[in-house]
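Q: I have a structure open and would like to go through it. Can we start with how the chains meet?

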Amino acid sequence: MAKIAIDPITRIEGHLRIEAKIEGGKVVDAWASSTMFRGIELILEGRDPRDAWAFAQRI
Amino acid sequence: MASSSKRDDLSGVTIYEALKERGFSRRDFLSFCTLITATLALPSTFVSKVAEALERRKKPVLVWLEFQDCAGNTEALLRASKPTVGEIVLDILSVEYHETIMAAAGHQAEKSLMDVVKNQKGRYIAVVEGSVPMGDGGVYCCVGGRAAKETVKEVCGNAMATLAVGTCAAYGGLPAASPNPTGAVGVTQAVPGVPVVNLPGCPVNVENITATVVHFLTFGSLPPLDSRGRPLFAYGKRIHDNCERRAHFDAGQFVRQWGDEGHRKGWCLYEMGCKGPETFKNCPTVKYNEGTSWPVQAGHGCIGCAEPAFWDRMAPFYRRLPQPPGFGVESTADKVGAGLAAVTGAALVAHGIGRILSGGKKKEEERR
C-alpha cells in the first residue's frame, strides 16, 4: 500500500491538493483538500447588501 | 512552459528576435514600443531607446506565485481577445512557474520554482498575485505543503525584483478586509525590505505590468514609485482628473438614479458613489481589455480598487463621497459642480464665449 500526494494541482483556478491511497496499482481511496481560505463569508457580514456582488465575485 | 522544446530553443534570444519568430513585423514591434512609451508617460523620443533595449535584452526569467487570490489578475493577463504584442512579451518571458498555466504539477512544479530560486538567485523577476495570510502560523494558504508566508520570503527575498500585482498582493486586498479573518497582508508587509513594485487594481491592468517590465529592461531600474510603492506613470494621477465624464461634473450634470436621463446620457456618476475623486490610477487612458472600456465608461462608478484597504475605506460603494478632496468645504456635489461651473463660466466669458455656456447653465438651474 502506498500513499501519494499531488500538491499543487496545476492548470486550475485556486489551490488544490489531492492525496490518494494506492493498492495493487489501483487508487482505493482519495482525499481532496482546498489549501487556501479567505473567509469571505465572515468579511461579508454586516456590510451594505448592495456591495455584496463585488465581494462575492472575487471568490 | 520551460519544459517545452520550443521554449528552450528561444531561451538564448532577445525579445525582438522572439517576437519575429512568432510572426511579428518590425512595424508591429515599433507600434508596441510606442504604446509602451506612452503608457510609461515618457516623451516619444524614448521610443527608440525602448526599441533598442528590447532588441538587445535577453528574456528575463519570471515566476508567478499565487496565494490568497481569485486568479483575476491571471485572467486579466490571459483573456485578451486576441494575442497582443504585450501578451506575447509576457508570454515569451521565461515563465518558469505559474500554477494556473504550467504543465507540471505536484513536486515537479515545486522543483521548477526551487530551481529558479537556487540557479537564478538575484536574476529573476517574481510576480505575486494574492495576499499572504500571516494568522495561525500561515495555515490559511499552503502550496506544496508549505505556508505562503515561508514561500514568499524565500522566492521574493532572492528575486531581482518583485511585482505585487492586484490589490491583494499589494496591500492585502479582499482577504484583509475587516475583520481580516486570516491575518492577510500584502507582499511588502510579509517580506519587509525587499524591492517591490505595487501594481494594485482589482484586477491589475496588464498594460501596467508590461510597461513596468519594459521599463526595467530599458533602464535597468524599477520605475519611480509613490509613497504607496506604486509606479508614478500609472498611479500618479487621479481618476477624476482624467475622467471622460469630468466635463459633466464641472457642468453640474449628475446621474441621480440608475437608468435616468443623465445615466442614459453618460453624465457624471459622483452622486451614485463614484470614488474617482479619491483614486489614483490610469484607468481613463489605459482602460481594460486592450483599451475597450473601463467601469465609468460602462456606466458604473469607480469603486477605488487601486487604493489600500478600499474594501473598507471606499464601502459602501454606492454612498456618495461626503466631500471630494481638493474642493474645499462644499457639502454637496451640486454646490461643488455648480461652483465649478461658475468658475469655468467666468473663464470662458474671458475668452468671449460665455453666452453659450450661461444659457446651458440657466437651463440646468431651471431643471432643478
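A: Yes; what follows covers the contact between the chains and then one residue, in a model that is predicted.

Q: How many residues does each chain put into the contact?

A: Chain B gives 41 residues and chain A gives 27 residues.

Q: And how much area do they bury between them?

A: About 2700 Å² is buried between chain B and chain A, with 58% of it on carbon and sulfur atoms.

Q: How many salt bridges are there across the interface?

A: The rule finds 1 salt bridge between chain B and chain A. Asp312(B) forms a salt bridge with Arg47(A), and their closest N and O atoms are 2.7 Å apart.

Q: What about residue pairs in polar contact, how many of those?

A: There are 19 such pairs between chain B and chain A, counting pairs with both residues at pLDDT 80 or more.

Q: Which elements of chain B give two or more residues to the side that touches chain A?

A: Those are helix H7 (106–119), strand S5 (142–143) and helix H17 (310–313) of chain B. H7(B) gives the most, with 4 residues.

Q: What is that side made of, by class?

A: On chain B, the side touching chain A has 26 nonpolar, 9 polar and 6 charged residues.

Q: New topic. Where is Glu271(B)?

A: Glu271(B) lies in the loop between helix H15 (261–264) and helix H16 (283–286) of chain B.

Q: Is Glu271(B) buried or exposed, and why?

A: Glu271(B) counts as buried because its relative accessibility is 18%, and the cut-off for buried is under 20%.

Q: Which side chain does Glu271(B) make a polar contact with?

A: The side chain of Arg320(B), in a polar contact of 3.4 Å.

Methods:
Residues numbered from 1 in each chain as written. Chains lettered and ligands numbered in written order. Predicted model: local features only at pLDDT ≥ 70, side-chain atom pairs only at ≥ 80, totals over all residues. Heavy atoms only, no water. Contact = heavy atoms within 4.5 Å. Buried area = accessible area lost by both parts, 1.4 Å probe. Salt bridge = Lys/Arg side-chain N within 4 Å of Asp/Glu carboxyl O. Polar contact = N/O pair within 3.5 Å; in protein donor to acceptor, adjacent residues only side chain to side chain. Nonpolar A, V, L, I, M, F, W, Y, C, P; charged D, E, K, R; others polar. Buried < 20%, exposed > 50% of the residue type's maximum accessible area, 1.4 Å probe, protein only.
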